Amino acid sequence: MKKLISADVNRFNCLTMQTDAVYHEAASRLGLTYSAMTVLYSALDNGGSCPISDICAFGMNKQTVNSALRKLESEGIVFLEAAGGRRKNVSLTEKGTELAEKTVLKIIEIENEILASWTERERETYFELARRYMNQLNERVSKL
């Protein structure tokens, strides 16, 4: 039987899945769920507060984000604030800021170190190609 997936698509998919696996492993090693790590990451990176839509931009669906937010809110790690209309912001409490600084800040530092070790040309090439691929994939999937 002929293989349907080209070697390049296979390589790309493997890298994508490996990247996802590393972030899930990081969350586990830090004592967090992946969704909690994503909430903390987004809020910390935005000065302690961000729109819920920013968290969803990481590819998590609204139901998963809302479930994580309810759990983190019940633990006193985040609180929600109205941001006009139906929009809400998630904000870190003092306890949440301490947790984020002890956990997700480590991931942010690792990411920054890795990308800083690349030349500007390497970074721009990587981002341009990834953006092009994602835009084309989204466009074509939307037509299915």
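**Exercise 1. The second largest pocket**

Task: in this predicted model, determine which helix gives the most to the lining of the second largest pocket, and how the lining residues divide by class.

Solution. Begin with the lining itself, which is made up of Pro 51, Ile 52, Ser 53, Cys 56, Lys 62, Asn 66, Arg 86, Arg 87 and Lys 88. Next, assign these residues to elements: helix H3 (52-56) and helix H4 (62-74) each supply at least two of them, and H3 gives the most, with three residues. Then sort the lining by class, which yields three nonpolar, two polar and four charged residues. Finally, the space that this lining surrounds comes to about 290 Å³.

**Exercise 2. The largest pocket**

Task: describe the largest pocket by its volume, by the residues that lie nearest its centre and by the elements that give two or more residues to its lining.

Solution. The volume of the largest pocket is about 1400 Å³, and its lining consists of 33 residues, with Leu 15, Thr 19, Asp 20, Tyr 23 and Tyr 126 lying nearest the centre. Two or more lining residues come from each of H1, H2, H6 and helix H7 (120-141). Among these elements H1 gives the most, contributing twelve residues. As a last step, the classes are counted, and the lining of the largest pocket proves to hold 22 nonpolar, seven polar and four charged residues.

**Exercise 3. Helix H6**

Task: compare the expected span of helix H6 (residues 104-116) with the distance between its end C-alpha atoms, and then work out where its buried residues lie around the axis.

Solution. Helix H6 has 13 residues, and at 1.5 Å a residue it should span 18 Å; because the expected span is 1.5 Å times one less than the number of residues, the count to multiply is one less than the full 13. The end C-alpha atoms of H6 are 18 Å apart, which agrees with the expectation. Turning to burial, for which the cut-off is under 20% relative accessible area, the residues of H6 that qualify are Val 104, Ile 107, Ile 108 and Glu 111. Seen down the axis, the buried residues of H6 fall within an arc of 100°, and therefore they line one face of the helix. That buried set packs against helix H1 (7-29), helix H2 (34-45) and helix H5 (94-102), whereas the face of H6 turned away from the buried side carries the exposed residues Glu 113 and Ala 116.

**Exercise 4. Ala 83 and its surroundings**

Task: locate Ala 83 among the strands, classify its exposure and find its contacts beyond its neighbours within four places in sequence.

Solution. Ala 83 sits in the loop that runs between strand E2 (78-82) and strand E3 (88-92). Its relative accessible area is 23%, and since buried means under 20% and exposed over 50%, Ala 83 is classed as partly exposed. Once neighbours within four places in sequence are left aside, Ala 83 is in contact with Lys 88 and Asn 89. Lys 88 also appears in the lining of the second largest pocket. For a comparison of sequence with space, Ala 83 and Leu 44 are 39 residues apart in sequence and 18 Å apart, C-alpha to C-alpha.

**Exercise 5. The chain as a whole**

Task: state the order of helices and strands in the chain, and how much of the chain counts as buried.

Solution. The chain has seven helices and three strands, arranged along the sequence as α-α-β-α-α-β-β-α-α-α. Its C-alpha trace spans about 55 × 40 × 30 Å along the principal axes, and 25% of the 144 residues count as buried. Of the contacts with a separation of 6 or more, 48% join residues 24 or more positions apart.

How values were computed:
Residues numbered from 1 in each chain as written. Predicted model: local features only at pLDDT ≥ 70, side-chain atom pairs only at ≥ 80, totals over all residues. Heavy atoms only, no water. Helix = DSSP H or I, 4+ residues; strand = E, 2+ residues; numbered from the N terminus. Buried < 20%, exposed > 50% of the residue type's maximum accessible area, 1.4 Å probe, protein only. Arc of directions from axis to C-beta. Contact = heavy atoms within 4.5 Å. 1 Å grid on protein atoms, 1.4 Å probe; cavity = no way out; pocket = protein on both sides within 12 Å on 5 of 7 lines; lining within 4 Å. Points joined across faces, edges and corners; volume = space filled by probe spheres on them. Nonpolar A, V, L, I, M, F, W, Y, C, P; charged D, E, K, R; others polar.
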